[in-house]
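Colleague: Please take a close look at a single part of this model and explain it for a first-year student. I should like to understand how one chain meets its neighbour.

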There are 4 protein chains.
Amino acid sequence: MAIDLGALTAIYEDLHRHPELGRQEHRTAGIVAEQLRAVGYDVTTGVGGTGVVGVLERGSGPTVLLRADMDALPVLEETGLPYSSTATATNAEGETVPVMHACGHDVHTTCLLGAAAALADDAGWRGRLLLVFQPDEEGGSGARAMVDDGLFERFGTPAVVLGQHVAPIPVGVLGVRSGPAFAASDTLRITMHGVGGHGSRPEATVDPVVMGAALVQRLQTVVSREVAATDTVVVTVGSFHAGVASNVIPDAAVLGLSIRTADERVRAKVLAAVERMARAEAAAAGAPREPTIEVRDSFPPVVNDAAACEQVRTAFAAASRWLVVDPGPVTGSEDVGILATAAGAPCAYWLLGGADPAPFAGATTAEEIGNVVADLPSNHSPRFAPLAGPTLESGVAALVTAARSWLV
Amino acid sequence: MAIDLGALTAIYEDLHRHPELGRQEHRTAGIVAEQLRAVGYDVTTGVGGTGVVGVLERGSGPTVLLRADMDALPVLEETGLPYSSTATATNAEGETVPVMHACGHDVHTTCLLGAAAALADDAGWRGRLLLVFQPDEEGGSGARAMVDDGLFERFGTPAVVLGQHVAPIPVGVLGVRSGPAFAASDTLRITMHGVGGHGSRPEATVDPVVMGAALVQRLQTVVSREVAATDTVVVTVGSFHAGVASNVIPDAAVLGLSIRTADERVRAKVLAAVERMARAEAAAAGAPREPTIEVRDSFPPVVNDAAACEQVRTAFAAASRWLVVDPGPVTGSEDVGILATAAGAPCAYWLLGGADPAPFAGATTAEEIGNVVADLPSNHSPRFAPLAGPTLESGVAALVTAARSWLV
Amino acid sequence: MAIDLGALTAIYEDLHRHPELGRQEHRTAGIVAEQLRAVGYDVTTGVGGTGVVGVLERGSGPTVLLRADMDALPVLEETGLPYSSTATATNAEGETVPVMHACGHDVHTTCLLGAAAALADDAGWRGRLLLVFQPDEEGGSGARAMVDDGLFERFGTPAVVLGQHVAPIPVGVLGVRSGPAFAASDTLRITMHGVGGHGSRPEATVDPVVMGAALVQRLQTVVSREVAATDTVVVTVGSFHAGVASNVIPDAAVLGLSIRTADERVRAKVLAAVERMARAEAAAAGAPREPTIEVRDSFPPVVNDAAACEQVRTAFAAASRWLVVDPGPVTGSEDVGILATAAGAPCAYWLLGGADPAPFAGATTAEEIGNVVADLPSNHSPRFAPLAGPTLESGVAALVTAARSWLV
Amino acid sequence: MAIDLGALTAIYEDLHRHPELGRQEHRTAGIVAEQLRAVGYDVTTGVGGTGVVGVLERGSGPTVLLRADMDALPVLEETGLPYSSTATATNAEGETVPVMHACGHDVHTTCLLGAAAALADDAGWRGRLLLVFQPDEEGGSGARAMVDDGLFERFGTPAVVLGQHVAPIPVGVLGVRSGPAFAASDTLRITMHGVGGHGSRPEATVDPVVMGAALVQRLQTVVSREVAATDTVVVTVGSFHAGVASNVIPDAAVLGLSIRTADERVRAKVLAAVERMARAEAAAAGAPREPTIEVRDSFPPVVNDAAACEQVRTAFAAASRWLVVDPGPVTGSEDVGILATAAGAPCAYWLLGGADPAPFAGATTAEEIGNVVADLPSNHSPRFAPLAGPTLESGVAALVTAARSWLV
């Protein structure tokens, strides 16, 4: 397999240094298109906004979809890496925010570019490669936008959807799990409406900061009291914004929630509980009107296909270069499942180890390995920093290996 | 008394339409200086930043200080007035915020300009007028900055400090209270430090949103449990900011607190309780470090002088145009006390009725009047809207009447 | 004035050692009746349950009502006094509870017995003494029960209602305040209904412990956010009971609330807010039914008559043995006002200093005195312990002095 | 198999009507001993307090331990059954509490008596039966007490430990799970120490009700924020007791916690978090001293042996009368594991369906069955009511079937 690791690393560091928020991946899409064209792909840009599609056809054989995501997060980087991001962007609310590839989508994009080159360079296969570089995975709108823009009508329906997500497990480890692998994700914005006024006269107001704080606390009981301990549920209030001055009670508090569930019945129960609590906290405070509850995005669990996973696992094992594990279900979410569902194709989406293996030395039991993982900065942390070179090498190889097992 | 109400109203509407945040009152100061010069005052600008001083001397007699404040608030106006503000400004944190004269300082400034003209036009007095237009009353830094910039060394020490604050009581009513009249104010910024990470993996984080929410709830007990019901204490969390994305647990939550107290012993107790609770909530969450607690500003109670209040009250009564009441102590705060303390002069600072008297028709008991007041938009509300013409007329007359009782 | 302090102290210690809960004051009533008869009063027992009335008539003159209360509290004594209570009793809920004179009603009863003897021994007055020893002040039912049992129809209507309450201010100090002197008191029992079940399966239950805890926290905001800082309001949850086993989620949580307010408008607002919050917290939890809110007792503020207070104050001053102060309004409550209102007579009810003066040495300002008071065990504390001898002497003298100022 | 269902049902109804708290099972133990002796067992009472051991030896062969528990719970029965309990008892705190067999130990005891009779009546086996009727499973002290009293030294070491727990799944279903089957359980009592005083003067107190309520809310975050969504953890505050009067702030609040975990590492983390939070909430309130945290009981997970479970499952399947399912891990806890660990013997402990199958008609998917279960009263509910006759018949047969598979 031909991988120019130096060139790939340069692309990676460049992408890392210039992250872009979801739906704003113009620069990244340009680099992707340029790289794909350079190695012979037929490239279409602007699919579903900023999405890029590359196609390479070689005789008759199955169509294999390889997918990467390109968007970054509004996080202020603290990795201390020489190629750290100092970028800012204007978010959907019109605020200026820092931007960082804190979820590793720069790894995904770079690995898929590397695999594109390696497969183009490899004469030994027949079939059709459909490379999908999607926008806005974090916002949950990217896969949907590409499907709605005619992805499969325009570029054909694949036999399988393949992809990977970098994770804080050691480089050299791949995690493959069949069945429900990633959780459903629902993102809500809840606005608690109060009545503003002077900070010294709360009696003339309905304080939305207190209302919002009470709601944050009450929401903890969804997980602790309303679902079974064996259900997989996360309710996170990732943002809370209210007020512009200490001495002015504001009119409203705005909470951003991210909800993860692994089961549709539990998901419905959790969403109903969140709404019930928001309404009741407004009632408790004597709020002038009901809270505004907006669903910002919502995507289903990723359910990996058993046969596709078995095929991937066998191919990985045959390569004799990875330790392949079952990571169990994870509470992270992914919109890759939307691609597979829309295509009616099986999905195999795996975890790509990206952490320095050094701290894992000597950890042999699941518990010991878990302890090391727990101490590493996880995805979305301002300190998330995969070990670039070895991770890229492993990730390119994994994509190529999996794709080749379908190509004839 | 010569008042050109049309001209004054035009100045008022102009100031209202162009509010400026504290320490940024450049346009306002320019208008003030121009108006004062036009009627013969000796004007100095740039005192304590953007403060303006006007002096008019007429033979020998006492120096009377008349004070107004010029700054506005980061509030989005909702009055619907034809001269509403649509202004924005960059605050100290670098954020773009809306600006509005939600506290009525435009009334104060306009009334003092009207009084300046009326007194200049009046040949019947001897003494010295020292007009002080101060910046940043809301931030609590303006009076202090002017004193520190040599206000009294450069312009002389007054025999009395006079001023007024517009309030949602009917036009035609003045509120004079001797003794402690306005509360002490302490503004704190508390940063609760957590450990950020992916919204789906709270176990790898220390969630600062939950920590901040728990602190907001705990702070309610300062007032409800730790001070006597007969103590006057307000603890408001006017702002709460954490996170930029629903699915990223942030590293910190920042709370803006405004604390009002009427007694130094209680003030010390309250500040200690707030600090104790912030530290304990961090400990409860297992935070990686202690909260950061910053005092943003801090000013003492306004204690009106008994003799000066009696003199003002007698002068107002003699004018037979106002209903003069004792409003009781208010929980609002004012840095005018800093001027009086620094000058070693007595202070008389009164409330100026600015509300439409219509809704008060038929309200005769204190309770009935209180009910009407409770329904009106109070200072700092986005709907605070004094009845411009009559309020300006009453406010100019009150300043002139009080000043003339000292001038000989 | 003839006071046998040794005998009185023996009665006091005996009453202190044998406290009885409200409506159970049988032993105490027996001692009171016996003592009154011994000095010549016409005694009626069983008035309004366990109440005792003593009458002494001497020629024509005004009827003066002197009032004491006899009931104790369910508190476990921790004073360490040699005559400490070890008593227990069965309360209205059928539970066995400790009992202690933690509010000083034993002082009130003993002082009135002393005053009864002293006045009987004093030939220098004309008029009619109406001594009222009432049950159940703490439960709020005692004064009402005696009035409903025909107190004034059977024993005549007084010209004035006099009485006193021992307080943690120094012996030798009396506190007289005209106007609203004691707060209104409302006692509520709120039952939050959940759905019980196994402690390991909260998802099959609605947890009333969490619901009750959320309500306790939310109730803090009544005082901190919904009333003005200058309003006098206390909302105390004095009891919280739920569950009998750690591993069984119970069906309900029962909260006992005590609410103090000084103003009828604020009182109505506070009671409405408490009910609103209880209902909303049940809704937030998805409770199977509305909370049960029971008013256990409710009594109005004590409003002292201005002229009667002036008369008492003058009489106390003439005696040259006390320091008479204005204690300000207190948040404690008293049902003595029910007697005065029902009789249509003015009320003068004062505070009787009962604390050792030693720690007050050197405290001269209100703040310094307040600091000492704050460190003393207050009424209802398990460590409340008036300085018996001097307090009894002062209390007897105060009752006699006040009464003599009405008698002719 | 000879089962006199009429006689068994009579025993069951009698036990149900006369439940006894843990360590007080005197009457139950007497009935057990009498029944065992009647069918030929060698009976020893008073083992580990109120435990009963029955031995029946028939030639050479393995020793099979069959275990039942005899204790009931402090729950007020609401089943409406004709043989409902109206019993009360004095608990360890000296309080009078209602008692009910809300966990089905009466089923366990009756089934084991039925199995004892059936096996005694069956001549077709060789080996040794060791029947263990243990006290205080709920309190977690019973199995430990019997082991410490020399159970295995005195009565021999078994080849296997067998037992069952009735559950709200349909009669005719048995649940067998190898590996971790029941959670670890830790029961804590936490006393939050405040400073009591008068309900109207919270400023002179440190309110333990507010402290306890804040702790209850904070504890929710252990499950919602501090462990992974895929960890199985329950933190229940089953009891909360503070105060005896609404108008007296008490000195302390006492919380009873039940904690379930499935993994030792998570268990240690959870226990540490609970302690951290209790200490921090005391600090937040300015408590006079640290909370008192007492471990009341603590027992490990039940880990079923894979081979023993396979053997039991095979025997059940051969009987062709049950549907045998894998119930997954449950959050309930059991001290039966202590017997197996102390004996060094494999354990097979299964769930016995006890619910009316009618509501399950038509439910075929796991989700549909789960929905029906969720609506049934679970163990520890005051409405828990197994369908007596069929459950007893099934439970006797299950014990006999499992035991016979070891006996030769």
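Modeller: The answer below treats the contact of chain C with chain B, and then turns to the two domains of chain A. This is a predicted model, in which local features need pLDDT of at least 70 and side-chain atom pairs count only at pLDDT 80 or more, while totals for chains, interfaces and linings use all residues. Residues are numbered from 1 along each chain as its sequence is written, chains are lettered from A and ligands numbered from 1 in the order in which they are written, and side-chain values use heavy atoms, with hydrogens and water left out.

Chain C gives 19 residues to the contact and chain B gives 19 residues, where contact means heavy atoms within 4.5 Å. Together the two chains bury about 1600 Å², with 51% of it on carbon and sulfur atoms. Buried area is the accessible area (1.4 Å probe) that two parts lose on being put together, summed over both. Within chain C, the residues that lose the most area to chain B are C:Arg225, C:Ala229 and C:Arg265, which together make up 33% of what that side buries.

Between chain C and chain B the rule finds 0 salt bridges, a salt bridge being a side-chain nitrogen of Lys or Arg within 4 Å of a carboxyl oxygen of Asp or Glu. The rule does find 6 residue pairs in polar contact across this interface, both residues at pLDDT 80 or more. A polar contact is a pair of N or O atoms within 3.5 Å; within protein, one must be able to donate a hydrogen and the other to accept it, and residues adjacent in sequence count only if both atoms are side-chain atoms.

On the side of chain C that touches chain B, the elements giving two or more residues are α6 (208–226), β12 (233–242) and α10 (366–375) of chain C. The largest share, 6 residues, comes from α6(C). Helices (H or I, at least four residues) and strands (E, at least two) are DSSP runs, numbered from the N terminus.

A second contact lies inside chain A. Its domain assignment gives domain 1 (5–178 + 305–404) and domain 2 (184–298), with bounds from an automatic or database domain assignment. Domain 1 of chain A supplies 7 residues to the contact and domain 2 of chain A supplies 8 residues. These domains bury about 540 Å² between them.
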